Amino acid sequence: MGKKGVLLVNLGTPDSPEVSDVRTYLDEFLMDERVIDINAFKRTLLVKGIIVPFRSPKTSKLYKEIWDENGSPLLYFSKIQVAMVQEKLGGEYHVELAMRYQNPSIASALDKLKAAMVESIQVIPLFPQYASASTGSVIQKVMELVGKWQTIPPISFINSFHDNELMIDTFAQNAEKYQPESYDQILFSFHGLPERQLKKCDHSGQHCLKKNDCCATLTDVNKFCYSAQCHDTARLIAKRLNIPAEKYSVCFQSRLGKEPWVQPYTSEVLKELAEKGKKRLLVFCPAFVADCLETLYEVSVEYHEEFRALGGEEVQLVASLNDDPKFIEALVAMVKN
Ligand SMILES: C=CC1=C(C)c2cc3[nH]c(cc4nc(cc5[nH]c(cc1n2)c(C)c5CCC(=O)O)C(CCC(=O)O)=C4C)c(C)c3C=C
Ligand SMILES: [Fe+2]
Ligand SMILES: [Fe+2]
């Protein structure tokens with residue numbers, strides 16, 4: 001019998017923090033039709049003519065702030081995650097890492113699995129909550145590439161794992177060392193998405209952003225809604241830590257452009273909390289399974305400074321899942337089940 005192939009895929013990061021590599025990365029990322037989901041002509045003008053030229057130098061500076069001797073934290077922890085999963089799964093499995101954008105590419109990882117003559121491929125996009133721009137894009141890319149093979153092996157995809165118990169437990173344990181009860185408010189700050197993409201993902205066409213509080217609970221109609229899954233992840237972590245509903249807020253960060261994104265925005269929530277006299281905030285970022293620019297810079301530096309300028313004292317980030325053995329156990333269980 002051949003080995004069972006496993007492909008773990010995260011978003012991707014530039015090859016280096018230099019402007020030229022950041023430009024190449026942003027170009028590939030933002031030209032993805034699932035990320036900037038407008039017609040190809042407008043997308044090309046917007047991305048290649050405006051966003052990439054203006055954003056690359058700024059984003060390069062930010063990457064330089066988080067880049068250390070191990071390189072990009074996202075790639076560094078992704079490699080460790082894959083090595084740990086491989087070790088736990090043993091010789092029956094062949095585990096590869098890929099990034100949706102830049103390196104190691106999905107094409108190169110699939111080539112390695114093909115060369116190893118695996119008998120099947122299981123793909124786990126490393127995004128707990130389903131979004132077309134993240135999970136959907138990974139699945140589409142893998143299907144495009146494997147779809148061209150003469151022999152298409154049995155292939156399966158994990159679509160989301162927002163309520164995975166071991167993952168919820170890892171976030172909760174990471175928070176325990178900060179004594180969450182000693183903070184004025186707990187924030188669950190998820191990566192944002194354009195509202196348009198939420199509506200497009202609603203195949204019923206009647207739920208998302210059509211009803212009040214449409215994402216507050218997860219039902220059969222909205223079970224794949226990014227925002228509804230985010231709210232559910234937050235609820236489960238809060239429940240595990242006995243945090244009452246009034247003591248936590250769900251919010252969305254990293255908005256790009258002027259059109260409406262999923263709300264409330266993290267910046268607005270920081271303002272409201274500062275106005276209410278809250279001083280110390282503990283922040284989870286449960287859309288990410290590894291520390292990255294959005295956690296290490298946007299939350300730990302930008303939001304921290306923003307909150308202090310508003311009269312607050314502290315924004316403390318809860319570490320991401322990174323190389324936590326419990327999260328590795330979660331990934332191993334997903335593969336085996
Ligand atoms: C949780 C998964 C992610 C979703 C969904 C997502 C959607 C999304 N992102 C952008 C634009 C940018 N995101 C950037 C960085 C970034 N995004 C994610 C994850 C998701 N994005 C991660 C893990 C990272 C950090 C990568 C790293 O190297 O550390 C960036 C680059 C940084 C910057 O210039 O601000 C952009 C741009 C859009 C438009 C979008 C959905 C439409
Ligand atoms: Fe993003
Ligand atoms: Fe929704």
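**Exercise 1. Place H191 and find its contacts in this predicted model.**

Step 1. Start with the contacts. Setting aside residues up to four places away in sequence, H191 touches Q253, S254, A287 and E294.

Step 2. Assign the element. H191 sits in strand β5, which covers residues 185-191.

Step 3. Decide on burial. The cut-off for a buried residue is 20 or more other C-beta atoms within 10 Å. H191 has 26 C-beta neighbours inside 10 Å, so H191 counts as buried.

**Exercise 2. Is E294 buried or exposed, and which residues does E294 contact?**

Step 1. Find the element. E294 belongs to helix α10.

Step 2. Apply the count. For E294, 23 other C-beta atoms lie within 10 Å, so E294 is buried.

Step 3. List the partners. Leaving out neighbours within four places in sequence, E294 is in contact with H191, Q253, S254, C285 and F288.

Step 4. Check the pair from the other side. E294 is also among the residues that H191 touches.

**Exercise 3. Which residues does UniProt list under "binding site"? Why do they gather at one spot?**

Step 1. Read the record. The unreviewed UniProt entry lists H191 and E294 for "binding site".

Step 2. Weigh sequence against space. These residues span 104 residues in sequence, yet no two of their C-alpha atoms are more than 8.0 Å apart, so they gather at one spot.

**Exercise 4. Describe the shell around ligand 1.**

Step 1. Pick out the nearest residues. The shell has 22 residues, and T13, T59, A287, C292 and L293 come nearest to ligand 1.

Step 2. Name the elements. Two or more residues each come from α2 (40-66), α5 (132-146) and α10 (293-309).

Step 3. Sort by class. The shell around ligand 1 holds 14 nonpolar, six polar and two charged residues.

Step 4. Assign the domains. Domain 1 (4-161 + 325-336) and domain 2 (165-317) each give at least three residues to this shell.

Step 5. Link back to Exercise 1. A287, one of the residues that come nearest to ligand 1, is also touched by H191.

**Exercise 5. Work out how domain 1 and domain 2 meet.**

Step 1. Set the bounds. The domain assignment gives domain 1 as 4-161 + 325-336 and domain 2 as 165-317.

Step 2. Take the separation. The C-alpha centres of the two domains lie 23 Å apart.

Step 3. Count both sides. On domain 1, 25 residues are in contact with 22 residues of domain 2.

Step 4. Look at the domain 1 side. At least two residues each come from α2, α3 (73-89), α5 and α11 (325-336). Helix α11 gives the most, with five residues.

Step 5. Sort that side by class. It has 16 nonpolar, five polar and four charged residues.

**Exercise 6. Which residues have the most contacts inside the largest nonpolar core, and why does this core lie between the domains?**

Step 1. Find the centre of contacts. The core has 99 residues, and L7, L8, V9, I237 and V283 have the most contacts inside it.

Step 2. Find the main contributor. Helix α8 (residues 226-240) gives the most to this core, with seven residues.

Step 3. Locate the core. Domain 1 and domain 2 both give residues to it, so it lies between them.

Step 4. Follow one core residue. Not counting residues up to four places away in sequence, V283 touches L187, S189, V299, V315, Q316, L317 and V318.

**Exercise 7. Where are the cis peptide bonds at P104 and P264?**

Step 1. Take P104. The bond from N103 to P104 is cis, with omega near -5°. P104 is in the loop between β2 (93-101) and α4 (106-115).

Step 2. Take P264. The bond from Q263 to P264 is cis, with omega near 0°. P264 falls in the loop between β6 (248-253) and α9 (266-275).

**Exercise 8. Characterise L209 and N322, two non-glycine residues with positive phi.**

Step 1. Treat L209. Its phi is about 60°. L209 lies in the loop between α7 (195-201) and α8. With 17 C-beta neighbours inside 10 Å, L209 counts as partly exposed.

Step 2. Treat N322. Its phi is near 40°. N322 lies in the loop between β8 (314-317) and α11. N322 has 19 other C-beta atoms within 10 Å, so N322 is partly exposed.

Note on methods: Residues numbered from 1 in each chain as written. Chains lettered and ligands numbered in written order. Predicted model: local features only at pLDDT ≥ 70, side-chain atom pairs only at ≥ 80, totals over all residues. Core = buried A, V, L, I, M, F, W, Y, C linked by C-beta atoms within 7 Å. Buried ≥ 20, exposed ≤ 12 C-beta atoms within 10 Å, placed from the backbone. Helix = DSSP H or I, 4+ residues; strand = E, 2+ residues; numbered from the N terminus. Domains from an automatic or database assignment. Contact = placed C-beta atoms within 7 Å. Near = placed C-beta within 6 Å. Nonpolar A, V, L, I, M, F, W, Y, C, P; charged D, E, K, R; others polar. UniProt positions renumbered as here; feature names shortened; annotations may be inferred.
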